[in-house]
Amino acid sequence: MSTDAEGRIRSWTLTPSRPRYVPPLGAVDAHCHVFGPAADFPFSPKAKYLPQDAGPEMLFALRDHLGFARNVIVQASCHGTDNRATLDAIARSNGRARGVAVVDPAISDAELDSLHAGGIRGVRFNFLKRLVDDAPKNKFLDLSHRIARLGWHVVVYFEADLLEELRPFLDAIPVPVVIDHMGRPDVAQGPEGADMTAFRAYVDSRPDIWVKTTCPDRLDSAGEPYDDFVRAVRPLVEAYPDRVLWGTDWPHPNMEKVLPDDGGIVDVIPRIAVTAELRQALLVDNPMRLYWPEAATRLPE
């Protein structure tokens, strides 16, 4: 674990390897975060972890190092419902980032419009008790109806043992649903295990459920080369080629015990998406359709 003089944690490596795999032109890192800088964007007093600064300059340098073109920045729980750090990073991206916000369900329509103008395209509902104190399903559901007019989607973060409990809530969401990290299945169970079987039954239940095939470092307890993750996730990519997304999860919140190598994480991509067509869909076509529908695959000038 690396901590600074203030006891703030660094959860990312300072020297990520350069991946062997080269992503296709226009590839999108569709799940990443920024932390601070705290001097400009203080952390929430309810934050369950206090990270070192990991701002947009670092994120965009990593994007270029790994061979990606765009980012989708997901509001980190350490910033609570103050989305200024995420909005600042989007504003600094020259059109190459969009975002997912965390908001108070009582947010006004005018505030939602302002977030949309700033590049936000979805809201995240977090059900991990170690990260949030309260997750009011009824208020979340009301908010999900209010964002429909903006063309937004809902991103949901939960662990596998909560899926059955959450199904009535998830089924009632009237906009597309994106599931973070596949609902954190136990990938050691394999593709036919109870966790992945239940998750696939949920994905089969409606055509507008999207899946982030992310976080081998977080989900595969055996570690590199992440064979259990590959074995469990490859069939998911092949079964739902037009509904899968991928991202680094940089700067890897709460992963400070073993700092993930982002280059090594990128090198998992061709093992879960084994054809050029699958990789094009996973990294370019799908995230562009969800986050830049007006731009197709055209990069900004």
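**Figure 1. Confidence along the chain of the predicted model.** The chain has a mean pLDDT of 94, and 95% of its residues reach 70 or more. Residues 297-301 have a pLDDT below 50. Beyond near neighbours in sequence, the stretch 297-301 has 11 contacts in the model. Where pLDDT is low, the predicted coordinates should not be read in detail.

**Figure 2. The open sheet of eight strands.** The strand order is β3-β4-β5-β6-β7-β8-β9-β10, and the pairing is parallel. At the edges stand β3 (28-32) and β10 (244-245). Each of these edge strands has a single partner strand, so one side of each is left without a neighbour in the sheet.

**Figure 3. Edge strand β3 beside β4.** Three bridges pair β3 with β4 in the parallel sense. Asp29 lies opposite Asn71 in β4. Although β3 stands at an edge of the sheet, five of its five residues are buried, so β3 is largely enclosed by the rest of the structure.

**Figure 4. Strand β4 beside β5.** The strands β4 (residues 70-74) and β5 (residues 97-101) run parallel and are joined by four bridges. Asn71 has Ala97 as its bridge partner in β5, and Val74 stands opposite Val100 in β5. Asn71 of β4 also stands opposite Asp29.

**Figure 5. The two faces of strand β5.** Ala97, Gly99 and Ala101 point one way from β5, while Arg98 and Val100 point the other way. Residues on both faces are buried. The strand is mostly covered, with five of its five residues buried.

**Figure 6. Gly119 in the loop between α3 and β6.** The loop that holds Gly119 runs between α3 (109-117) and β6 (120-126). Gly119 has a relative accessible area of 6% and is buried. Leaving aside neighbours within four places in sequence, Gly119 is in contact with Ile90, Arg98 and Gly99. Two of these contact partners, Arg98 and Gly99, point opposite ways from β5. Trp152 is 33 residues from Gly119 in sequence, and the C-alpha to C-alpha distance between Gly119 and Trp152 is 11 Å.

**Figure 7. Packing of helix α5 with helix α6.** Helix α5 (residues 163-172) and helix α6 (residues 194-203) pack at an angle of about 10°, and their axes are 12 Å apart. That angle makes α5 roughly parallel to α6, because angles under 35 degrees count as roughly parallel. From α5, the contact is made by Leu163, Arg167, Leu170 and Asp171. From α6, the contact is made by Ala198, Phe199 and Tyr202. By class, five residues in the contact of α5 with α6 are nonpolar, none is polar and two are charged.

**Figure 8. Gly193 in the loop between β8 and α6.** Gly193 lies in the loop between β8 (177-179) and α6. Its relative accessibility is 9%, so Gly193 counts as buried; the cut-off for buried is under 20%. Gly193 and Ala232 are 39 residues apart in sequence. In space, Gly193 and Ala232 are 8.6 Å apart, C-alpha to C-alpha.

**Figure 9. Cys215 in the loop between β9 and α7.** Most residues other than glycine have a negative phi. Cys215 is not a glycine, yet has a positive phi of about 70°. Cys215 is found in the loop between β9 (209-212) and α7. With a relative accessibility of 1%, Cys215 counts as buried.

**Figure 10. Pro225 and Tyr226 in the loop between α7 and α8.** Pro225 is found between α7 (216-219) and α8 (227-239), and Tyr226 is found in the loop between α7 and α8. The peptide bond joining Glu224 and Pro225 is cis, with an omega of about 10°. Tyr226 has a positive phi of about 65° although it is not a glycine. Tyr226 counts as buried at 6% relative accessibility.

**Figure 11. The cis peptide bond between Trp250 and Pro251.** Most peptide bonds are trans. The bond joining Trp250 and Pro251 is cis, and its omega is about 0°. Pro251 lies in the loop between β10 and α9 (262-266). The strand before this loop, β10 (244-245), stands at an edge of the sheet.

Notes
Residues are numbered from 1 along each chain as its sequence is written. This is a predicted model: local features need pLDDT of at least 70, side-chain atom pairs count only at pLDDT 80 or more; totals for chains, interfaces and linings use all residues. Side-chain values use heavy atoms; hydrogens and water are left out. Axes are lines fitted to C-alpha atoms, for helices over the stretch in contact, and angles run from 0 to 180 degrees between N-to-C directions. Angles under 35 degrees count as roughly parallel, over 145 as roughly antiparallel, 65 to 115 as roughly perpendicular and the rest as oblique. Contact means heavy atoms within 4.5 Å. Ala, Val, Leu, Ile, Met, Phe, Trp, Tyr, Cys and Pro count as nonpolar, Asp, Glu, Lys and Arg as charged, and the others, Gly among them, as polar. pLDDT is the predictor's confidence in each residue, from 0 to 100. Two strands pair if DSSP finds at least two bridges between them. Buried means under 20% relative accessible area, exposed over 50%, partly exposed in between (1.4 Å probe, protein chains only).
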